[in-house]
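Student: Could you take me through one part of this structure up close? I'm new to it, so please explain the terms as you go.

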Amino acid sequence: MSKNVIITGGAGFIGSHLANLLDTKKFNVSVYDDLSNGSGKKNLNSNIKFIKGSILNYKKMKSIFKNIDTVYNLAVLPLAMSFDKPDSVVRVNDYGSYLVSKICTEFNIKLIHVSSSEAYGTARYSKMNEGHPLLPTTIYAASKASSESYVRAFEKTNGLKAVILRPFNSYGEFMREDGYGAAIPLFLNRLLKNKTPIIFGTGKQTRDLTHVSDTVSGIYHASILKNAVGGTFNIAQGKEISINELAKIVIEEYSNLTDKKIKINLSYKKERSGDVRRHLGDISLAKKILNYKPKISLRHGINQYISWKLNNT
Ligand SMILES: NC(=O)c1ccc[n+]([C@@H]2O[C@H](COP(=O)([O-])OP(=O)(O)OC[C@H]3O[C@@H](n4cnc5c(N)ncnc54)[C@H](O)[C@@H]3O)[C@@H](O)[C@H]2O)c1
């Protein structure tokens, strides 16, 4: 089993959960992150080694990635940033992933590349399996789709050992809360200010939301199972919810936890361009090959997240 591992983007939301999980599994975990965004290294277990650096710095990676068994590539610039800083997003998500794939090939390191369900675009059919076409609707999604191509190209031409994972929207503790954050923390931050959650578009667009502990469990299993190599796997809950319904659950759970009687009231703004309309992942392949089984229900996970947030505000 691989023991010396590096997680790029390991100070971010999913990366920090993954780092802590691998640490509890007794891996020697190093996190490689430029701290350009994300939730920061404060969420990492104290014995995890932190190295500040960028996946665009090939020379630095070459000096650090020696003697590593597995690289988990999670470094990313976020979807919302691809509207105002598309060049930076492409540079990191696309070219950066190319450099990580290249180093893993040169050093014969196994690569666990974390892509995204965003690469699919809006569902052409549902549930979306791994054979669903990649039809990105944003620069972010395009950068994730092309990052996968480099991984597969290195695999075909140079024998890289790799697994590609396509998580659907993940949520939970340590989610970023700034303007680039996802729906749940943004809804909650409005409620904390006694304001109504803001929905972009009609709110009828759907997502398949996965608790981050399930997401990292899927990534972990993909990295330890030999027959996962060469595969691409959806990591999702396998359930669909509209953004309107999601906002209602956040309001209800916030009301329950704070004993406030908040009326379900939502504000609507213009739809964001490129927003996918429907996402629902088929997880049968991950179930079969990775023994993946999501455990946390959406309501329970949201309740847990809000409790954590209330205790940490
Ligand atoms: N959060 C989700 O819902 C979700 C869903 C699907 C896929 N993903 C994928 O999961 C991975 C992690 O996403 P996340 O939500 O944890 O993101 P995040 O923004 O919380 O974390 C990303 C981390 O990457 C770091 N980073 C950015 N540029 C870097 C660079 N040049 N070099 C090194 N580090 C850099 C950031 O500082 C940050 O700590 C990404 O590949 C993302 O595409 C996330």
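**A close look at strand 6**

Tutor: Let's start with strand 6 (residues 162-167), which is mostly covered: six of its six residues are buried. Buried here means that 20 or more other C-beta atoms lie within 10 Å of a residue's own; 12 or fewer makes it exposed, anything in between partly exposed, and the C-beta atoms are placed from the backbone. Strands (E, at least two residues) and helices (H or I, at least four) are DSSP runs, numbered from the N terminus. Residues are numbered from 1 along each chain as its sequence is written. Keep in mind that this is a predicted model: local features need pLDDT of at least 70, side-chain atom pairs count only at pLDDT 80 or more, and totals for chains, interfaces and linings use all residues.

In a regular strand the side chains alternate between the two faces of the sheet. On one side of strand 6 you'll find Ala162, Ile164 and Arg166, on the other Val163, Leu165 and Pro167, and all of them are buried, so both faces are covered.

Now for the neighbours. Strand 5 (residues 110-114) runs parallel to strand 6 and is joined to it by four bridges; one pair to look for is Ile112 with its bridge partner Val163. To get from strand 5 to strand 6, the chain passes through helix 5 (residues 139-158), and this β-α-β crossover is right-handed. That label means that, with the strands pointing away from the viewer, the path from the first strand over the helix to the second runs clockwise. Strand 11 (residues 232-235) is also parallel to strand 6, again with four bridges, and Pro167 has Ile235 as its bridge partner there.

Zoom out a little and you see seven strands forming an open sheet in the order 3-2-1-4-5-6-11, with parallel pairing. Two strands count as paired if DSSP finds at least two bridges between them. Strand 3 (49-52) and strand 11 are the edge strands, each pairing on one side only. From one strand to the next, the twist averages 20°.

What lies on the sheet? Helix 5 lies across strand 5 and strand 6, running at about 160° to strand 6. Helix 7 (residues 212-224) packs on the sheet too, touching strand 4 (70-73), strand 5, strand 6 and strand 11, and its direction makes about 165° with that of strand 6. For these angles, axes are lines fitted to C-alpha atoms, for helices over the stretch in contact, and values run from 0 to 180 degrees between N-to-C directions. A contact means that the C-beta atoms of two residues, placed from the backbone, lie within 7 Å.

One more residue is worth finding: Ser101, in helix 4 (residues 86-106). Ser101 counts as buried because it has 26 C-beta neighbours inside 10 Å. Leaving out residues up to four places away in sequence, Ser101 touches Leu111, Tyr150, Val151, Phe154 and Leu160. Ser101 and Val151 are 50 residues apart along the chain, yet their C-alpha atoms are separated by 5.9 Å.

Finally, a stop in the loop between strand 5 and helix 5, where Lys127 sits. Most residues other than glycine have a negative phi, and most peptide bonds are trans. The bond from Ser126 to Lys127, however, is cis, with omega near 0°.
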